[in-house]
4 protein chains.
Amino acid sequence: MILIMKPRVTLDQIDALKSDMTARGLIVQEIQGETTFMLGLAGDTSALSVDMFVGLPFVERVVKVSEPYKLAGRRFHPQDSVYEICGRVVGGGKLTVMAGPCSVESEDQVVSIAREVGRAGAGFLRGGAFKPRTSPYSFQGLGLGGLELLKRAREKTGLPIVTEIMSQEHAEVFGKEVDIIQVGARNMQNFPLLREVGRLGRPVLLKRGPSCTIDEMLMAADYILVEGNSPVILCERGIRTFETATRNTLDLSAVPVIKKRSHLPVVVDPSHGTGYRHLVEPMALAAIAAGADGLMVEVHNRPDKALCDGPQSITPEAFDCLMYKASALHKLLREVAGNHGNHGSA
Amino acid sequence: MILIMKPRVTLDQIDALKSDMTARGLIVQEIQGETTFMLGLAGDTSALSVDMFVGLPFVERVVKVSEPYKLAGRRFHPQDSVYEICGRVVGGGKLTVMAGPCSVESEDQVVSIAREVGRAGAGFLRGGAFKPRTSPYSFQGLGLGGLELLKRAREKTGLPIVTEIMSQEHAEVFGKEVDIIQVGARNMQNFPLLREVGRLGRPVLLKRGPSCTIDEMLMAADYILVEGNSPVILCERGIRTFETATRNTLDLSAVPVIKKRSHLPVVVDPSHGTGYRHLVEPMALAAIAAGADGLMVEVHNRPDKALCDGPQSITPEAFDCLMYKASALHKLLREVAGNHGNHGSA
Amino acid sequence: MILIMKPRVTLDQIDALKSDMTARGLIVQEIQGETTFMLGLAGDTSALSVDMFVGLPFVERVVKVSEPYKLAGRRFHPQDSVYEICGRVVGGGKLTVMAGPCSVESEDQVVSIAREVGRAGAGFLRGGAFKPRTSPYSFQGLGLGGLELLKRAREKTGLPIVTEIMSQEHAEVFGKEVDIIQVGARNMQNFPLLREVGRLGRPVLLKRGPSCTIDEMLMAADYILVEGNSPVILCERGIRTFETATRNTLDLSAVPVIKKRSHLPVVVDPSHGTGYRHLVEPMALAAIAAGADGLMVEVHNRPDKALCDGPQSITPEAFDCLMYKASALHKLLREVAGNHGNHGSA
Amino acid sequence: MILIMKPRVTLDQIDALKSDMTARGLIVQEIQGETTFMLGLAGDTSALSVDMFVGLPFVERVVKVSEPYKLAGRRFHPQDSVYEICGRVVGGGKLTVMAGPCSVESEDQVVSIAREVGRAGAGFLRGGAFKPRTSPYSFQGLGLGGLELLKRAREKTGLPIVTEIMSQEHAEVFGKEVDIIQVGARNMQNFPLLREVGRLGRPVLLKRGPSCTIDEMLMAADYILVEGNSPVILCERGIRTFETATRNTLDLSAVPVIKKRSHLPVVVDPSHGTGYRHLVEPMALAAIAAGADGLMVEVHNRPDKALCDGPQSITPEAFDCLMYKASALHKLLREVAGNHGNHGSA
């Protein structure tokens, strides 16, 4: 941490600050610029916050040198995390696809979609039982009944299930019944929920909040990881910008940025990320080309009748076609990466 | 609701859609543009979602004509809501000021700050017991112990307390002990929490999410209001933009926009909204000039030692000065509004 | 165009408006919702602006039904535009790559880079002679001297040149000497420059402004196209958002959105779009997977010594590797598209 | 400037860098953190760019310590700039109001509006002759003919005129005829135009670009100031965000931020900043309360018939009312500032 002083700082102020920092076990170094005086703080600075210093009347600015997350970062965990979840490998060069309806609506619906996405090659069934809706007047999901239907589909197809938890009160049942617990974008910074989910020890899919930076997502992952080291999969699903042609702006550069900063696998949701069916396939392929470990795709047998998010759901036929292209693309990228390493990285 | 058709729509498709809508009790009207064909839907369209239609292959675009919120809106509640909370009037031309430390740290701290802000004219004591922090390694607040200290400060000063709820599990205790329950910006779309808080029947301060539109805030208010009509106070506290000179971009135009759309009182938080102490006073005064019903201000007796958000806290002396100016400004605005109505409105 | 009336509109106001519109040769239709009254305007509404109506005290909201651009749109030009520029085909399933240094620095530099990018398969040499720099104290490019060096490189390698125009005063020389005239992001809405460039009749590369929507880019393209129908290539290069991990947020979903709305070819600039060298290759591949017609890439033989934008330039070796992967990917995508059409589109 | 090294930097790399920097006349200091090694560079670092170092494979991050603008900043010009323009004082505690029609439409229109705004207390007449319009099909202004009408209005009312320059080709005529030359938001980073305008030596009103930071605006001001020190007035007019309730998000916190960083006067444009007439008055008053030196307001005698931006124009009556309130507010703020200094500043 580096403290940049204001021009009018006095020697007394500097001395007082130095003794305070030394008393906390830190090493303090003076740095003299042409017009600016700075103090460098070394040692365990994780107990210090930028706020403590910005408040001082003689400090101009504070620069954090180390990243604000620990468990999600590569510094102490340089190799990629690879998980085995219900017999499926996630990360490590595998392509993981989670597909299914936005909302679970009926047994028929979810079982038939599960069969179709499984046949096309999806590894996991995704489906919403509890639905976070902007308006209280919109369909809110079938709740625990929906979870039962997902379990029924799992029994009949063997596909493990991914579904969103919206409230701590369901932690116990999710901990027992759900294969990958999804924390939705709006809950990415619901810290009590993150902690509760972390305590369950089950795999977690953490979606990026629409106004959250990548570093904030990694700190949110740390909230889960500190509770006991559950497998955590990150999910880019679009951020909020001024552009209105898409529901969100899918930030695919987040994939290589996360890959550089973190060892956690990262998947991309082109359905929520764009909001329109015709954008799902191109953005799914782009996500794989950008290096994503997988996809999360909304598939509905009657998208025009879907109770939720119909416009962004694709049909099972379109999903089949997408899987064919995605697999071919994924295979090719592994081959060309074998022939030529990435010369572009620093 | 108006459905704008694609150029290649067939008469059969239009007829099928018309009978479906008529069967739902809606009135359907054909609208013929030069190059575009449209259908207008009248009747109770609140059960319809835009999604249902955007999913149809022959629908180009859907336009909602009525606003998506009901209870928070002025349509069915044209006059301003004015609340009496613990003997203090909120809304209706009164200036409500909530002030206190970001985090409750000790009895001494909170009682002494409460005394000072009360003396300067604050109507409510605000203070955090549960703190949502981006990093799991930051100070997370004293929790229920902090709530006890706030109650102690209330006893000693008579100031009612405003504090943030972070989890449904604390609903009961907040329902009993807290005068105004704050729902924080990160929880603005934590829908189970909104419902739970709505059931308590206590006054609620709802902060705007950093990437939420004004209409989304009004829908979030509807989540609370449908549960039993608790008093709801809205709070603008800054949105997330590309500008880095401030912590958030305080959207003061939200004040007159909300005033036009909603009957709920609205206060402004210039401390979180800017992140810097020297911006608190100018933005507090600007908020009042923009028509806000009140302010929420962080005050700390030793801002440089604050365990949280020190850089944006002002001292009791600065708060006293702010209150002097704020009151003078509020008084003047009421006078000039009396002399000259607002000719600017449509 | 649909005008949604306020609840208190009078019949007299409606009648006056209707006669005014009829006098302008428009067909006016009344639309009655349950609680809302609307007027639909058909005919040539391009002379009307939303502003004209929003100003009326009894109009609540105005909805434009047709898109605001004409020449760039698919409505009157449904098939893709394919251009032949200096013997190279742009659009129509070809992959166009423009590569070279951010700034032209010396003859040696630009010729040697041109040779290397040409050998690796680039179709055009890009290089900056006039550089728009945020700070007046940064290197501003070699100006017309830089253009001479680009011409020298073209002579020696046969690569046509792409370079940015910053001022109308250079229109004549650019019109004579430059193969593709680039209009930079900051000038996307410099309307006199757009018109001037449009009059030259040369191919134009139009970069998206960092805070401009896709529709605004298409309207900017119309400014060029109305002057005489120059070939226009659009370029996505990132938009400004709150995320600080990248220089801009590269909006790859813009590619399929533009493809649907416009017939113009679209290329992607992953160098400016991300700002970091290690993100160039993954985002270049992602752009191709998203359906882009080409790439614009900064290549520098000594990126660590570059006078401008060094951190985002890749070496000729990295570019060679990128081209190998890009070509393999592009070929594969054409093959799989042949086998399976895109079932995803509406 | 501080260079933060990557963990794997070698001593040879550090030595090479140190000799390079020493050869440039800089003083290099080693800074050792617990896990990180850094180099501090002192001396005249204005010739160095962050880019030069980020490109190095062993540099993790670069931190600039001094601000990137010089002439616009307070460091070498601590006291406020106060200008006298055509006998009117701008800055220094005076309230400067520029008012008039968005577009000049006819002599009658502009003279009559000029008379009314002058009578209400405006110090300058603003009006557009050249209009930057997003669509090429919208009214583009009367051009030089519009300028003639503005001059006519100046003759008849004595009000100096403010109007926007859109192209370098008009520099000469603007330099002779216009009292304050406006550089519009879309041209804030049109660097050749900034330089050209700077050379004229006339007062300039520089509007903030919709996606430009405050620091970028100050660097744009430096482009003008380096050419010969013209009087520069900054104008906040809203930035682009995700919120759609307003045309832009008026960033009033920019006012006190600019005041702290720069000595230049700053005015606020609540008309463009919000896009809606009913928001003009509250945001104008808020701007004054935030410390703005003035306002720029669109006034039209028939806003519903305005050829441009009608919805955000107010009538002369509404302007009169606004001026009455604005003056009372400005007077009060000067009084209370006299009684109580600002205790809030660090």
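In this predicted model, H330(A) makes contact with G93(A), K94(A), L95(A) and I288(A), leaving aside residues up to four places away in sequence. H330(A) itself sits in helix 11 of chain A. With a relative accessible area of 16%, H330(A) counts as buried, because the cut-off for that label is under 20%. One of its neighbours is also a polar partner: the side chain of H330(A) comes to 3.1 Å from the backbone oxygen of G93(A).

Stepping back to the chain as a whole, chain A is built from eleven helices and 14 strands. Its C-alpha atoms fill a box of roughly 75 × 50 × 40 Å along the principal axes. Chain A has 346 residues, and 64% of them count as buried. As for how the chain folds back on itself, take the contacts in chain A between residues at least 6 apart in sequence: 67% of these join residues at least 24 apart. Chain A also holds a charged cluster, in which R195(A), E196(A), R199(A) and E227(A) are linked in a network of salt bridges.

Next comes the interface of chain A with chain C. The size of an interface is often given as the accessible area lost when the parts come together. Here, chain A and chain C bury about 4200 Å² between them, and carbon and sulfur atoms account for 72% of it. Each side brings in plenty of residues, with 52 from chain A and 52 from chain C taking part in the contact. As for charge pairing, two salt bridges turn up across the interface of chain A and chain C. R208(A) pairs with E243(C) in a salt bridge whose closest N and O atoms are 2.7 Å apart. Four residue pairs are in polar contact across the interface of chain A and chain C, both partners being at pLDDT 80 or more. On the side of chain A that touches chain C, helix 8 (254–261), helix 10 (277–289) and helix 11 (316–339) of chain A each supply at least two residues. Helix 11 of chain A gives the most to that side, with twelve residues. Sorted by class, the side of chain A that touches chain C comes to 27 nonpolar, 15 polar and ten charged residues.

Salt bridges are not confined to that interface: over all chains, the count is 83. Side chains of opposite charge can pair when their charged atoms come close. In chain B, K151(B) and E177(B) form one of these salt bridges, with 3.1 Å between the closest N and O atoms. This pair links distant parts of the chain, as K151(B) is in helix 4 (residues 144–157) of chain B and E177(B) is in helix 5 (residues 171–177) of chain B, 26 residues apart. K151(B) is buried, at a relative accessible area of 16%, whereas E177(B) is partly exposed at 22%. Chain D has a salt bridge between E177(D) and K151(D), again with the closest N and O atoms 3.1 Å apart. Here E177(D) belongs to helix 5 (residues 171–177) of chain D and K151(D) to helix 4 (residues 144–157) of chain D, 26 residues apart. E177(D) is partly exposed, with a relative accessible area of 21%, while K151(D) is buried at 16%.

Back in chain B, D251(B) forms a salt bridge with R208(B), and the closest N and O atoms are 3.0 Å apart. Both partners come from loops: D251(B) from the one between strand 12 (232–236) and helix 8 (254–261) of chain B, and R208(B) from the one between strand 11 (204–207) and helix 7 (214–225) of chain B. D251(B) and R208(B) are both buried.

Aromatic rings pair up too, with eight aromatic pairs over all chains. In chain C, the rings of F191(C) and Y223(C) have centres 4.5 Å apart and planes at 20 degrees, so the pair is stacked. F191(C) lies in helix 6 (residues 191–200) of chain C and Y223(C) in helix 7 (residues 214–225) of chain C, 32 residues apart. Both F191(C) and Y223(C) are buried. In chain D, the rings of F191(D) and Y223(D) are stacked, because their centres are 4.5 Å apart and their planes at 25 degrees. F191(D) is buried at a relative accessible area of 2%, and Y223(D) is buried at 0%. Elsewhere in chain D, helix 10 (residues 277–289) is mostly covered, with 13 of its 13 residues buried. Helix 10 of chain D is followed by G291(D), which has a positive phi, near 110 degrees.

Note on methods. Residues numbered from 1 in each chain as written. Chains lettered and ligands numbered in written order. Predicted model: local features only at pLDDT ≥ 70, side-chain atom pairs only at ≥ 80, totals over all residues. Heavy atoms only, no water. Contact = heavy atoms within 4.5 Å. Buried area = accessible area lost by both parts, 1.4 Å probe. Salt bridge = Lys/Arg side-chain N within 4 Å of Asp/Glu carboxyl O. Polar contact = N/O pair within 3.5 Å; in protein donor to acceptor, adjacent residues only side chain to side chain. Helix = DSSP H or I, 4+ residues; strand = E, 2+ residues; numbered from the N terminus. Nonpolar A, V, L, I, M, F, W, Y, C, P; charged D, E, K, R; others polar. Phe/Tyr/Trp six-rings, centres within 6.5 Å; stacked < 30°, edge-to-face > 60°. Buried < 20%, exposed > 50% of the residue type's maximum accessible area, 1.4 Å probe, protein only.
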